[in-house]
Structures are given as structure tokens and as C-alpha cells.
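Colleague: I have a model open and want to learn how to read a ligand site. Can you walk me through it?

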Amino acid sequence: MGSKSPETEHPVKALGYAARDTSGVLSPINFSRRETGDEDVRFKVLYCGVCHSDLHSVRNEWHNAKYPMIPGHEIVGVVTEVGSKVKKVKVGDKVGVGCMVGCCHSCDQCGADQEQYCPKMVQTYNDSSMVTYGGYSDHMVANEHFIVTWPKDYPLDGGAPLLCAGITVYSPIRYYGLDKPGMHVGVVGLGGLGHVAVKFLKALGVKVTVISTSPEKKEEAINTFGADSFLVSRDQAQMQSGVGSMDGIIDTVSADHPLVPLIALLKPNGKLVLVGGPTKPYELPAFPLLFGRKMVGGSLIGGIKETQEMIEFAAKHNITAAIELIPIEYINTAMERLAKTDVRYRFVIDIGTYKVVSKIGRREEISFENKRNKKINF
Ligand code: NAP
Ligand code: ZN
């Protein structure tokens, strides 16, 4: 290994789970993180959500993977060290980091608190311009600008997924004006993003219809998340019943699917907002848009200011993700299940139950110790 190996690049030792190739299989890795700079916040990771973007990324479905890749951008934990200039938080505070850890701070987008659209935005992991490692790891260090402060008494585990899933739906609901009481908005795909979208829309007084390929999710969509109705997208009669009824649609689907049946659900002037990232281009004929002056738009996560606003809104309205808490060694099974839409509704890795075992020989360097008295050697 050269001097720039993940393990020796920086002075502070770290442990994580990394994918090494397009199989996407994750396994333990020794790596390193930078020292705490003047404006940096270092924190012990307690929980990290498993986003479908992690799955797309580790399997190189977006053709931009850099290996080894340590995914994870729904990261929460407790501050262990702060730099001398840090004002936002102190040691012991609960904090989160989402999808971004850097930006230029001087372009129009940064000036408008839309760092996610800064040309120099740095992603929390698998960044194109520099090496970054995400939250499937024992600790994080990030510039305080990208630290989200945690609302008092807001759950860390159920709240973690909001750092990506939450802001990704909250931001377009606000930007595209789909937040007015009495509006009717469709949510396509009842997964990690989709179920949180239903909760936000209901808290805003919006009428919500879930559009799903999974009829078995209807009961939970309506009785647990508060949706008003449910359409099975592969049932033409059900889809017909919704034609021309919606002011907007948030499409969170992770796989290829037709847009025209969704555009048909919109009223004139309706907006179809894409937030999912399927790998193939959509088919988008003009006439379904022309007849009705309809719009198709997109949206990427949200800025840090809006993320802070979103998490406070979520805490105020008791909105958390419905989660399945998993130990880190379950991650490959979790990824397989996520690929099959077999999760209700977000996996969250319980990283804080592990502590790094003291170094005794090389093998021990890649060990976590489960505080529930189960020692795991890799
Ligand atoms: P997820 O939990 O897997 O949910 C996706 C949902 O899409 C599934 O639960 C399923 O819902 C539906 N679906 C799956 N396969 C389908 C198919 N073949 N046809 C129709 N519907 C299908 O994923 P997620 O974490 O919510 O992420 C969703 C997408 O958003 C991913 O592509 C992810 O990369 C992307 N994303 C984008 C941003 C952004 O900033 N824009 C941020 C985060 C994630 P039903 O069972 O209800 O049909
Ligand atoms: Zn994500």
C-alpha cells in the first residue's frame, strides 16, 4: 500500500464498512479521517440510515463509483471534539450529517442557501472531486457548516433517515408549492422517501394519495401514515379513477417506470416532481404535458438551512421514519432486501452499540465489539 491508502492517508484511525467492487458487497475496512480542524466537528456515529442511493452507488448503477466506498449519508451521533472556531455545537451535543460535507461558499447557489446545487458541492461519500467516506463507520468529522443540530428529545434512530429521505421530499414539497392545506398530492413509491413524504404532507394539511406497486402496503399507508387513499399503479381501473385529480406528485421510485400514467393523474397546471434516481432515461412524450400545461421537474436533497428547518418541523410534528434497526454485520442482507422492496420502511444501522476493540495485532484492528456482549471478529 502506498502513502495514500485509506488507512494511512490521514492521522486519525477509523473503522467502517466498505464496498470494494461492483458486487456492492460490504466488508470491514480500516481507514483514516483528518484531524479536527478549527472549524470541524468530530462525532461518534450512533446510527446511520440505509438509503437506496447507497445501494445504487455501491453497485455502480450510476456509473460513478470509486472504491473502496464507505456509504452512508443519514448519519447521527454525539460530538466528541470541536475545533477552536466552532460555534454551532459543543462536546456531548447530538448532531447529524446528511448528503453534503463541502461547497464553495461563494457562488449564487451557496449565497441562496442551496449548497446542493453548488458546482463544487462535496458529497458525504463517493465524491467525484475528492475522497470522502460516509457514515457506515465508527466516527465522522465535518466542517460545522454541514452539521445539523439535533432537536431536544427528537429520536436519533428514527430521525436519522430524515437527513436524506426527509429533506429530499420536504424541499420539493415547499419549493413547488405543494404544501397548501386542501391540495391533493400523490406520492409514488412507498419506500424510505415516500413514507416520510406522506407524513410531511399530512402534517401540512394536504390530501395524499399513495401510488404504489405493493397492494399489501395499503393498510399501513392509510392507517399508520395517514394517507387518504391508495392506488395500485399496475391496476388500470384504479389509476383511471384518479385521472385529473392531483395538484402535484412526488415520484420517489428507484427503478424504471412509466411517467405518462402519472402525468394523467395531474389536474391542469399540475406538477410531477422526480426525486428518484433510476438508471435508465424516462420516456417523456410532449402531448400529455401540452394538454393541461403540466410540468415535470426534479429536486436534489436540500440546503443546510432548509435541512435544519425540516428536522425542527419533523420534531414539532412527531415525524420520524418507520425503521428496522439492524446490526452492521446485517448490512449485506439488508441491501438484498432493499433491492427487493422488502423493508418497512428504512433500515437504520445501530452503529453505537459497537465499540472499537483495542488494537492487539493486525486482525484485531478490524474488530468491533458489540456492547450486547457479542464480540465480532472479521
Ligand atoms: P426505497 O426505500 O427502495 O423506495 C423506493 C420505492 O419505489 C419502493 O419502496 C417501491 O414502492 C417503489 N418501486 C421499487 N421498484 C419499483 C418499480 N420497478 N416500479 C415502480 N415502483 C417501484 O428507496 P428510497 O431510499 O426511498 O429512494 C428512492 C429513490 O430516490 C432512489 O432512486 C434514490 O437513489 C433516490 N434518492 C434521490 C434523492 C434526491 O436528492 N433526489 C435523495 C435520496 C434518494 P412501492 O412498493 O410502494 O411501489
Ligand atoms: Zn440518500
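Modeller: We will go through the ligand's surroundings, then one residue of a helix. Keep in mind that this is a predicted model.

Colleague: How many residues surround ligand 1, and which are the closest?

Modeller: Start with the shell. Here 30 residues surround ligand 1. The closest are Ser212, Thr213, Ser214, Lys217 and Arg346.

Colleague: How do the residues of that shell divide by character?

Modeller: Sort them into classes. The shell has 16 polar, 11 nonpolar and 3 charged residues.

Colleague: Which helices each supply at least two residues of the shell?

Modeller: Look for elements that contribute repeatedly. Here they are α1 (52–58) and α5 (192–203). The largest share, 3 residues, comes from α1.

Colleague: Which polar atoms lie 2.8 Å or 2.6 Å from an oxygen atom of ligand 1?

Modeller: Check backbone and side chain separately. A polar backbone atom of leucine 193 is 2.8 Å from a ligand oxygen. For isoleucine 301, a backbone N or O atom also lies 2.8 Å from an oxygen of ligand 1. Threonine 213 uses its side chain: an N or O atom there is 2.6 Å from a ligand oxygen.

Colleague: How much of ligand 1 does the protein bury?

Modeller: Compare the ligand alone with the ligand in place. Alone, ligand 1 exposes 920 Å², and the protein buries 91% of that.

Colleague: Now a single residue. Why does serine 53 count as buried?

Modeller: Use relative accessibility. Buried means under 20%. Serine 53 is at 18%, so it counts as buried.

Colleague: Where is serine 53 placed, and what is it in contact with beyond its sequence neighbours?

Modeller: Serine 53 sits in helix α1. Setting aside neighbours within four places in sequence, serine 53 contacts Trp62, His73 and Tyr125.

Methods. Residues numbered from 1 in each chain as written. Chains lettered and ligands numbered in written order. Predicted model: local features only at pLDDT ≥ 70, side-chain atom pairs only at ≥ 80, totals over all residues. Heavy atoms only, no water. Near = heavy atom within 4 Å. Polar contact = N/O pair within 3.5 Å; in protein donor to acceptor, adjacent residues only side chain to side chain. Areas by Shrake-Rupley, 256 points an atom, 1.4 Å probe, with all protein chains shown as cover. Helix = DSSP H or I, 4+ residues; strand = E, 2+ residues; numbered from the N terminus. Nonpolar A, V, L, I, M, F, W, Y, C, P; charged D, E, K, R; others polar. Buried < 20%, exposed > 50% of the residue type's maximum accessible area, 1.4 Å probe, protein only. Contact = heavy atoms within 4.5 Å.
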